[in-house]
Amino acid sequence: MLAASGSQIYRCTLRSVGKRGCFVAIGSFLEKNYCRHQVYNHHQQPCRHFSKQETPQLVSITDHLDELHKIPLADVRNFCIIAHVDHGKSSMASRLLEYTGNLGHDRQATAHQLGEKTTTAYNQDESSAIIKENTDTSKETGSKSSKHKEIKEEITLLDTLKVERERGITVKASAASMLYKHPSATNDQGWILLNMVDTPGHADFGVEVSKSLASIEGAVLLFDSVQGVQAQTLSVYDKARALGKQILPALTKIDIPSARPLEVALAVSDLFAFDPDTIMKTSARNRIGVRELLDSVCENIPPPSPLSDDDGTMLRAKVIDSWFEPRRGVVCLVRLLSGILSENDRISIVEPSIDGKGPQVLKDNYSVQELGLVMPDRIRTGKLYIGQMGYVVAGLRDPREARPGSIISLQKTMQTLISTEMELPSSAALTHQSVLYASVHPMDGDGFDEMHAAVNRLALNDTGLEIHQTTGSSNNGGGPFLGPEAIVTPPKVPYRIRYLESKNYKRPPGAPEEEVIEDLTDWPEQGHRFKVLEPMVDVRILAPMEYAGSIMELTKRKRGIKIRTKPVDEHIWLFTAAMPWADVVTDFHDDLKSTTAGYASFDVSEADPPQQEADLVKVELLLNSEVVDPLAFVCHRDAAQSQARVVCQKLQEVLPRQQFVTVIQAKADGRFIASARIRAYRKDVLTKAGKTVGGGDISRKKKLLQKQKKGKKRQQSTGKVQLSQAAFNSVISRS
């Protein structure tokens, strides 16, 4: 097909995609210079393309901090970057910061120069030669100047935690503000204020993704051109779609030799129903498509909507995130919805209405000590205006006092805000319910206070962590275990117990007929008649098709039902099933990785219905006839004996040998179903100073052996077994 634009002509080929009748254009310009032309997508929305000579004027937010208040709300774009783990989110975010001048003018100029060159080379199908030449040139430049070397290598600027730097993953969401000149701006300067949030991709940090999505209007969804669609890609897409966010698809790592951008683009179009023409091609390593990505954000992501009752004077700032710093206390990341926030202002915090409850104002008020923008380094500005996203330090000591979704307002206007029922954006999207439980015990009976303080310090930087102080039985009277450290029990899930009528056992008057069991010490005793409802989750697995048989076998072994398969592309299949949550949180991840040689990825979501009746039984572990409650677990009745044997054998391997015999037993339904023994250390009492005691007198020898036997038995009744973390880990993997 030929298409004309002015005096220029370019050629492209049309290829059908799936059953939706969409087409993807694959072509190259007949001339090396870009032309200014108008292209309409399938929704008849114009997409603006710059000519090669129309390079945007370089502008940096660091040069115009005093003029940012002139930018209207219509010229603000709030967006985040979402993707599966290790699909290049932080790398792309760092390139955007570099391209918009947040990292300095020299790096910005270099990024524009190299980005235009590599993007042009890729679009003209000369990428293999020119990109290699560009890489070699940048390497030579890097050898001459350490500054240019930093430009090429530093691509994880938003990963500020130590664990993020060491392991190369994003754990906590971070934000940055940028300034970009674009024709869609309505102000005289032509500036667009971009507030970007970088998010984690790992399944364990879903709360961070939800917090980011609740504070923006659009999201850039990245797809790895090598790995294709992965499990967390589906998960973050569902979260963004459920919140009604504008989603911009983009391929990353297109310059890797093993990349397959066309194949992945077709799979993305078929699975997510994206228009193939809207899927951008990018690479953070060689800065391909960075400018096109910024243009797409400015054109397609809507600006934030103003509050319906905004009069320009009432301050309302929404808390996006909060964390604790030893020297400054709590630092809040906020987004201004209306009004102006200044240093020395006296503020109060209100939690908006959730589940029909009215807004609740916290009793304390605080003075703003410092505030400013995040770029990603914190720049103190003294004021924040509507549409801006920045940090606030106000002397808070606990992040739970400023939970994500809370609203900050001036203390003097708080009464007016509540009494007149002015608009307070709901934070329902950020509410979450705990779905996984574990107990933490000090191995030293005197270490409870120290351990409690340590757990509270952990909660300072994780508002999704709920802590409940409980008391439980132990095997030594002073504390649960002996030893110098704390241990964490295997994860447990909540079970719903429905009690049935019983002739032999009557429930106390007023006792509930149904209750939720989080701690297995509350499990009904033998003799009760009851039904158990266990939580269910929908599991989605993406893996190469050659592992289909192994994955389906593993899913069935984990009591999976409603198993379905769907091909994503020529290599990857999508497996879906409903599984008990308890079987997923134990060792499903390790088994899945072992089965698929590490190529599979999976994510979970709440099933419908969320609970299902099952024939479950509690298995208790006993050491020398004493029940160890933290080692107890719940499993299906048919698998109780086999899993109990595995746990007993593993405990036999990891528990230290004592001066007395250690008897390990598993008990279910009032009977022992498995056991193991650890032999005691035994001194040779028949030899003394190299000589045999008693000579040939057998009675003397029997007397010594009987005395030793009595001592061992006495030690067995009074001695304590030291449990290590490895002992508790043995309960996690029971297959």
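This is a short talk on the cores, one sheet, the ring pairs and some unusual backbone spots of a predicted model.

Let's start with the inside. Nonpolar side chains tend to be buried together in soluble globular proteins. Here the largest nonpolar core has 40 residues. Which residues have the most contacts inside it? They are Ile82, Phe223, Val229, Phe272 and Phe274. Helix α8 gives this core its largest share, 6 residues. There is also a second, separate core, with 32 residues. Trp191, Leu193, Ile408 and Leu410 are among them.

Now pick out Phe274 in the largest core. Skip its neighbours within four places in sequence. What does Phe274 still touch? Its contacts are Leu221, Phe223, Tyr237, Ile247, Pro249, Val268, Ser269 and Ile279. Keep Phe223 and Tyr237 in mind from that list. They come back with the rings.

Next, the sheet. Strands of a sheet pair through backbone hydrogen bonds, and they can do so parallel or antiparallel. This one is an open sheet of 6 strands, with mixed pairing. Read across, the order is β7-β8-β6-β9-β10-β11. Which strands stand at the edges? Those are β7, residues 174-181, and β11. Each has a single partner strand, so one side of each has no neighbour in the sheet. Look now at β9, residues 218-224, and β10, residues 246-252. These two run parallel, and 7 bridges join them. For one spot to find on screen, take Ala219: it stands opposite Ile247 in β10. Ile247 is also one of the contacts of Phe274.

On to the aromatic rings. We describe a ring pair by the distance of the centres and the angle of the planes. How many aromatic pairs are there? The count is 8.

Take Tyr237 and Phe272. Their ring centres are 4.7 Å apart. Their planes stand at 75 degrees, over the 60 degree cut-off, so this pair is edge-to-face. Tyr237 sits in helix α7, residues 231-242, and Phe272 sits in helix α8. They are 35 residues apart, so the pair links distant parts of the chain. Buried or exposed? Both Tyr237 and Phe272 are buried. This pair also belongs to a cluster: ring pairs link Phe223, Tyr237, Phe272 and Phe274. Three of those names, Phe223, Phe272 and Phe274, were on our list for the largest core.

A second pair is Phe588 and Phe602. Here the centres are 5.3 Å apart and the planes are at 85 degrees, so this one is edge-to-face too. Phe588 is in helix α13, residues 581-595, while Phe602 is in strand β29. The pair therefore ties together parts 14 residues apart in sequence. Phe588 and Phe602 are both buried.

Rings can also have a charge over them. The charged end of Arg378 sits over the ring of Tyr391, 5.1 Å from its centre. Lys667 lies over the face of Phe672, at 5.8 Å from the ring centre.

Now the backbone. Most peptide bonds are trans, and most residues other than glycine have a negative phi. We have exceptions to both.

First, the cis bonds. One joins Met375 and Pro376, with omega about -5 degrees. Pro376 is in the loop between β17 and β18. Another joins Asp608 and Pro609, with omega about 5 degrees. Where is Pro609? Pro609 is in strand β29, residues 601-614. Phe602 is in that strand as well.

Then, positive phi. Ala273 has a phi near 60 degrees, and Ala273 is not a glycine. Ala273 is in the loop between α8, residues 261-272, and β11, residues 280-281. Arg287 also has a positive phi, about 60 degrees. Arg287 lies in the loop between β11 and α9. Are these spots buried or exposed? Ala273 is partly exposed, because its relative accessibility is 47%. Arg287 is buried, because its relative accessible area is 6%.

After that loop comes α9, residues 290-300. In α9, 8 of the 11 residues are buried, so this helix is largely enclosed by the rest of the structure. The buried ones include Val290, Leu293 and Leu294, and also Arg291 and Asp295.

Last, the cysteines. A disulfide is a covalent bond between the sulfur atoms of two cysteines. How many disulfides does the structure hold? The number is 0. Cys80 counts as buried, because its relative accessibility is 0%. Cys648 counts as buried too, at 1%.

Terms used: Residues numbered from 1 in each chain as written. Predicted model: local features only at pLDDT ≥ 70, side-chain atom pairs only at ≥ 80, totals over all residues. Heavy atoms only, no water. Helix = DSSP H or I, 4+ residues; strand = E, 2+ residues; numbered from the N terminus. Buried < 20%, exposed > 50% of the residue type's maximum accessible area, 1.4 Å probe, protein only. Disulfide = S-S within 2.5 Å. Core = buried A, V, L, I, M, F, W, Y, C linked by side-chain atoms within 4.5 Å. Contact = heavy atoms within 4.5 Å. Pairing = 2+ DSSP bridges. Phe/Tyr/Trp six-rings, centres within 6.5 Å; stacked < 30°, edge-to-face > 60°. Lys NZ or Arg CZ within 6 Å of the ring centre and 35° of its normal.
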